[in-house]
Amino acid sequence: MALSNQQLTQIQTQGIRWIEPGSLGLTRTGGAGPTDHKALSFDSQTSMIPVFNEQIQRSPFSAKQDANNEQVLIFEHEKLIARASMPGRPKFYELTTNDGIPYWKIATLHSKDVLATTVLQTCVRYRNRDTSCQFCAIEESLNAGKTIPHKTPELLAEVARAAVELDGVKQMIMTTGTPKTLDRGAAVLVESARAVRAVVDIPIQAQCEPPDDDIWFQRLKDAGVDALGMHLEAVSDRVRKSIMPGKATVPISRYISAFKAAVEVFGKGNVSTYILAGLGDTEDEIIAMSLELVELGVYPFVVPFVPVASTPLEHHPMPKADMLDRIFSQLGPALYNAGITSESLKAGCAKCGACSSLKSYEQEVAHGPLALRV
Ligand code: SF4
């Protein structure tokens with residue numbers, strides 16, 4: 001029994017309905033990143049699978065635990081198609097700071113070995129619907145008391161050390177809401193990375209909007225950042241203005257100039273961007289932008305859009321698997337031929353690869369059709 005690239009793409013675009021969700025300890029967490037997902041490990045690859053939101057109730061895929069509570073059985077309609085395991089609760093989640101802050105409010109485990117944090121859990125664009133990104137729920141987890149507004153450098157260093165020592169995390173991803181300052185978050189990422197690297201040797205990806213001055217890229221690098229993500233999310237002005245009007249005030253031309261300057265500092269492939277397929281950009285627009293970025297040495301991490309509850313887009317349709325399959329079938333070989341594969345990156349979402357099946361399409365070029373063993 002094997003899961004093909006196409007089946008993984010279908011599962012990530014349609015989600016999985018959980019039979020007896022209570023028995024799996026499923027809870028929604030809110031916030032940035034893959035908030036409405038569950039990590040499932042298929043052989044060596046761990047993928048984030050959408051499990052919440054009303055559209056998933058129409059998915060042909062469902063899952064339940066086996067009789068021994070050891071594996072997750074995945075069905076398409078009634079037919080068993082795959083077996084997976086769920087990464088366990090990390091040990092560092094049991095710890096608290098001297099001030100009584102649980103470590104899981106400071107950083108969380110993504111996939112199976114990525115430590116992720118949102119340094120500033122507020123965003124200058126968020127509270128005004130004229131400027132906020134309509135897919136984002138960054139302040140919802142804060143409102144729900146599940147995180148803290150600012151993870152200081154000291155807190156991040158404390159948690160990162162524990163996550164490495166107790167759970168063997170392999171990389172750290174630091175994103176941030178955008179502050180009012182012109183550096184657009186680069187300054188807090190510099191101080192955060194410096195503090196973490198002072199106590200533990202772990203690759204770090206920082207994520208922010210393009211800062212006003214390219215000097216920040218070298219400052220980030222000097223602080224210990226290995227890779228940088230600056231996320232377009234949408235690739236056409238049409239979609240950017242309608243879905244993310246605040247972020248769209250930073251034009252695509254500035255993203256391109258920032259990408260070029262950042263590649264000079266971090267190297268080919270260690271600059272990346274998230275592209276959310278399904279927001280309204282056409283397949284051709286996404287492919288054209290992605291191939292342009294690959295030429296620049298930027299990894300376009302194309303991810304199927306998954307609506308998050310409590311956002312203006314919570315009822316927005318999820319993208320069709322066929323569209324993602326066609327995009328990935330062009331992009332996977334292009335990345336492989338350019339020598340910027342997920343495996344070769346130092347850190348970041350594209351290295352983790354759990355939120356998109358794109359990585360499998362790259363590997364197919366290298367190893368032939370990939371079937372994830374189940
Ligand atoms: S791809 Fe990025 S957002 Fe998705 S699980 Fe990995 S680190 Fe988290």
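Let's start at a charged side chain: the charged end of Arg219 sits over the ring of Trp216, 4.6 Å from its centre. Keep in mind that this is a predicted model. A second arginine has a similar story to tell, with Arg129 lying over the face of Tyr126. Here are the two arrangements side by side.

| Arginine | Ring | Distance to the ring centre |
|---|---|---|
| Arg219 | Trp216 | 4.6 Å |
| Arg129 | Tyr126 | 5.8 Å |

**How far to trust the model**

The protein chain has an average pLDDT of 92, and 93% of the residues score at least 70. Residues 30-34 are another matter, with a pLDDT below 50. That stretch still has 13 contacts in the model beyond near neighbours in sequence. Where pLDDT is low, the predicted coordinates should not be read in detail.

**Rings with rings**

Aromatic side chains also meet one another, and the structure holds 5 aromatic pairs. One of them joins Phe92 and Tyr93 edge-to-face, with 4.9 Å from centre to centre and 90° between the planes. Both Phe92 and Tyr93 are buried. Elsewhere, ring pairs tie Tyr274, Tyr299 and Phe301 together as a cluster.

**Around the ligand**

If you are looking for the ligand, you will find 11 residues surrounding it. The closest are His110, Ile173, Cys349, Cys352 and Cys355. By character, this shell comprises 10 nonpolar residues, 1 polar residue and no charged ones. Cys355, listed among the closest, counts as buried because its relative accessibility is 13%, and the cut-off for buried is under 20%.

**Cysteines and disulfides**

With cysteines in view, how many disulfides does a search of the whole structure find? The count is 0. Cys136 makes a handy example: the closest cysteine sulfur to its own belongs to Cys133 and is 6.1 Å away, so the two are too far apart for a bond. A disulfide would need the sulfur atoms within 2.5 Å.

Technical notes:
Residues are numbered from 1 along each chain as its sequence is written. This is a predicted model: local features need pLDDT of at least 70, side-chain atom pairs count only at pLDDT 80 or more; totals for chains, interfaces and linings use all residues. Side-chain values use heavy atoms; hydrogens and water are left out. pLDDT is the predictor's confidence in each residue, from 0 to 100. Contact means heavy atoms within 4.5 Å. A residue is near a molecule or strand if one of its heavy atoms lies within 4 Å of it. Ala, Val, Leu, Ile, Met, Phe, Trp, Tyr, Cys and Pro count as nonpolar, Asp, Glu, Lys and Arg as charged, and the others, Gly among them, as polar. Rings of Phe, Tyr and Trp (its six-membered ring) pair if their centres lie within 6.5 Å; planes under 30 degrees apart count as stacked, over 60 as edge-to-face and the rest as tilted. Buried means under 20% relative accessible area, exposed over 50%, partly exposed in between (1.4 Å probe, protein chains only). A charge sits over a ring if NZ of Lys or CZ of Arg is within 6 Å of the ring centre and within 35 degrees of the ring normal.
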